[in-house]
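Subject: Handing over the two-chain model

Hi there,

Here is the structure I promised to pass on to you. Have a look at it first, and then read my notes below.

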There are 2 protein chains.
Amino acid sequence: MSFTLTHHDGVARRGLLTTAHGVVETPVFMPVGTQGVVKAVTPRDLVDVGARIILGNTYHLHLRPGDELIRRRGGLHRFIGWDRPILTDSGGYQVFSLADRRKLSEEGVEFQSHLDGSRHLLTPESAVDIQLNLASDIAMVLDECPALPARYDALDRSVELTARWARRSRQHFLERRLHSDAGRGQLQFGIVQGGTEVDLRTKSAALTIAIGFEGYAIGGLSVGEASDTMYRIVESTAALLPVDRPRYLMGVGTPLDLIEAVARGVDMFDCVMPTRNARNGRLFTSEGAINIKNARYAEDDGPVDAACGCYTCRRFSRAYLRHLFLAGEMTGGTLNTLHNLNFYLDTMRRVREAIAFGTFEKFRLDFHRTFSARPLTA
Amino acid sequence: MSFTLTHHDGVARRGLLTTAHGVVETPVFMPVGTQGVVKAVTPRDLVDVGARIILGNTYHLHLRPGDELIRRRGGLHRFIGWDRPILTDSGGYQVFSLADRRKLSEEGVEFQSHLDGSRHLLTPESAVDIQLNLASDIAMVLDECPALPARYDALDRSVELTARWARRSRQHFLERRLHSDAGRGQLQFGIVQGGTEVDLRTKSAALTIAIGFEGYAIGGLSVGEASDTMYRIVESTAALLPVDRPRYLMGVGTPLDLIEAVARGVDMFDCVMPTRNARNGRLFTSEGAINIKNARYAEDDGPVDAACGCYTCRRFSRAYLRHLFLAGEMTGGTLNTLHNLNFYLDTMRRVREAIAFGTFEKFRLDFHRTFSARPLTA
């Protein structure tokens, strides 16, 4: 693995992350392909909007169609027809969100499938094994994702458990990597937890860095806390992470969140927001978000965003997209998804360009001003 | 309008139909875009699978988003981002299928919208006006579509009403065409009815031809009658239609139906079968239809059809398509639709080629043998 920083602009950085399936320019946004597909689009659509790396959810793929089945198909890339890099999460986040259908122990977390109620045990080691079956380019360690708000001492214990799990994960990964084709090309990232407590984040970062991973994630944010709080934690945590390793802010966020996190030294992002919002008719534009089902668009012949060059904006009007949404046509979901993903990916292209030109701060202020302009739906 | 026959092979014919939006090679299959979109795909997907002309449903578009709104958008082509030809039906078929929510009179047919229960009157003249608002390339006359089975004398009265409506449709169309931009490029097709009664079909054909249209459709078939009956009626009816005008068999059918109708002199087809079946996981292959959700495909790494060159077959396995179907991922519907449409459109390409080479009869027999082979799901 190699991660090369090519430009700095303040704390923001631009770099190249080399994986078994090619080089990824950072900062990068990763569309979410929960069940082995980015909802409503095809791989060639994803290439068209410029996606360079996508995320797959270990929890979902483990349960259906099963990671062993995917291994027998030649791994996740071949199975889903995507030959660019894939990052897989550990499955922990989904398991912990099952609330009363999971039980935590030192060994791991036992849970019941949301599909059929069957019982499963997810451990640091099995999360490694599952992701080796998927043969993703980047695997995440299993971390505890405590429900928030939580007491300080509970969060502290969670940080320590996450660190013990991270050590087991790394050890198992290194052993498997010696004896596995999939492992030879895979990178493993550790995850810093600690809620919104700066000193617990500091402790978690130190414990995780001491183990040593190819990259580091900041987990447990964007779970309801205020933006300012999130930015503060990202800033203090990112500053503790090794300069020469990629930094991944998990599950974040809005376009403004991405830019603010880049300004604090983050390199990688994933979020369902562009794809989920698209299917709900909520579209991002350079002047803020709009809701395409709004009656004001019934006879609007303009594109979603006049500043956008995506297929949807080149060919279709707001009036047509509104019609497709109201008529329940799934092609509307596809066209909306193409646009929202293009918006996110194009924003990141502009972020990288601004960093290279040393104009990131200007870009950031301009983006805030236009994107936060009075929303068109207001 | 011009329709030029370029090849004959027995009764089968190959030709070129010139419309305001380009030339269509016949025999041709028209994918159905009921609500201004062929379900689950985008216009560029349609171009990719070789669609040259699509069908829009006047009933649906009249109710939502409204044909006046579409006219103000510059017509259906511009509204939906499709610059190749479009044929629109008259809306009659859908209205008559509303059963107890419609009332027939000499004037037309009054019906209640399936969307909001609002009352509407569809007349021969309003069907013309709506389709001029849509500015389709080919408009259909309003015909009565009687529920079958029906008594002979009821069918006879229906044929006569359809002929009176056809005369009003043509007269109104010719008047509007003189004074309308949309009308100048539009063709109007008459429709032959008469159920499965050969002499009523003969009467209906004579009455319709006497009015004079740019093309002629055979309506009221594929409504539950046996295939042999349908083929017999198609054969006798097609033989009565002017040689130099396109012949359109409405709402038909299976791949075998299309080939059998071409063998009887039909030039144009539409049917929801390839698109609807695709969304239900039923896929056409050169060796018959398969149901992708079948457990036997869970670990099948082969394409849907090894003889197919579509995007779906080039890039994805049966195992993956089965996974998408079971996981409820709409991308599965898209990939299945691309394949089924490609199958229909490619079959028609091969039909046209065989006619040009004078090998249509051999093609027809070969197709029957392979397509009717023991289904792969058996």
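What follows is a short tour of what turned up.

Please keep in mind that this is a predicted model, in which local features need pLDDT of at least 70, side-chain atom pairs count only at pLDDT 80 or more, and totals for chains, interfaces and linings use all residues. Residues are numbered from 1 along each chain as its sequence is written, while chains are lettered from A and ligands numbered from 1 in the order in which they are written.

**How the two chains meet**

Let me start with the pair. Chain A superposes on chain B by a rotation of 180 degrees with 0.0 Å of shift along the axis, at an RMSD of 0.0 Å (a least-squares fit on the C-alpha atoms of residues with pLDDT of at least 70 in both copies). The two copies are thus related as by a two-fold rotation axis. Which residue of chain A comes closest to that axis? A:Met330 does, with its C-alpha at 3.7 Å.

Contact here asks for C-beta atoms, placed from the backbone, within 7 Å of each other. By that rule, 33 residues of chain A touch 33 residues of chain B. On the chain A side, the elements that give two or more residues are α3 (67–72), α4 (76–80), α13 (311–315), α14 (318–326) and α15 (330–357). Helices (H or I, at least four residues) and strands (E, at least two) are DSSP runs, numbered from the N terminus. That side of chain A has 16 nonpolar, eight polar and nine charged residues; here Ala, Val, Leu, Ile, Met, Phe, Trp, Tyr, Cys and Pro count as nonpolar, Asp, Glu, Lys and Arg as charged, and the others, Gly among them, as polar. The copies meet through the same surface, because 100% of the interface residues of chain A are also interface residues in chain B.

**Two domains in chain A**

The domain assignment splits chain A into domain 1 (2–271) and domain 2 (279–371); such bounds come from an automatic or database domain assignment. The C-alpha centres of these two domains of chain A lie 27 Å apart. Their contact takes 25 residues from domain 1 and 26 residues from domain 2. On the domain 1 side, α11(A) gives the most, with five residues.

**Sheets and a hairpin**

Strands of a sheet pair through backbone hydrogen bonds, either parallel or antiparallel. In chain A, nine strands form an open sheet with parallel pairing, in the order β4-β15-β14-β13-β12-β11-β7-β6-β5 (strands pair if DSSP finds at least two bridges between them). The edge strands of this sheet are β4 (28–30) and β5 (32–33) of chain A, each pairing on one side only. Two bridges join β5(A) to the parallel strand β6 (residues 54–56) of chain A, and A:Val32 has A:Leu55 as its bridge partner in β6(A).

Chain B also offers an antiparallel pair: four bridges join β16 (residues 282–285) to β17 (residues 288–291) of chain B. A hairpin links β16(B) to β17(B) through two residues, and B:Thr285 stands opposite B:Gly288 in β17(B).

**Residues to look up**

A residue is buried if 20 or more other C-beta atoms lie within 10 Å of its own, exposed if 12 or fewer, and partly exposed in between, with C-beta atoms placed from the backbone. A nonpolar core is a set of buried Ala, Val, Leu, Ile, Met, Phe, Trp, Tyr and Cys residues joined through C-beta atoms within 7 Å. In the largest nonpolar core, of 214 residues, A:Leu249 and B:Leu249 touch the most other members. Among the residues that A:Leu249 touches are A:Ile218, A:Val234 and A:Phe269.

A:Gly15 sits in strand β2 of chain A and is buried, with 21 other C-beta atoms within 10 Å. The C-alpha atoms of A:Gly15 and A:Asp244 are separated by 9.8 Å, although these residues are 229 apart along the chain.

Some backbone details are worth a look too:

- The peptide bond from A:Arg64 to A:Pro65 is cis, with omega near 5 degrees.
- The bond from A:Leu148 to A:Pro149 is also a cis peptide bond, with omega near -5 degrees.
- A:Ala135 is not a glycine, yet has a positive phi of about 60 degrees; A:Ala135 counts as buried, with 26 C-beta neighbours inside 10 Å.

Happy exploring, and best wishes!

Definitions and conventions: Contact = placed C-beta atoms within 7 Å. Lists of a residue's contacts leave out its neighbours within four places in sequence.
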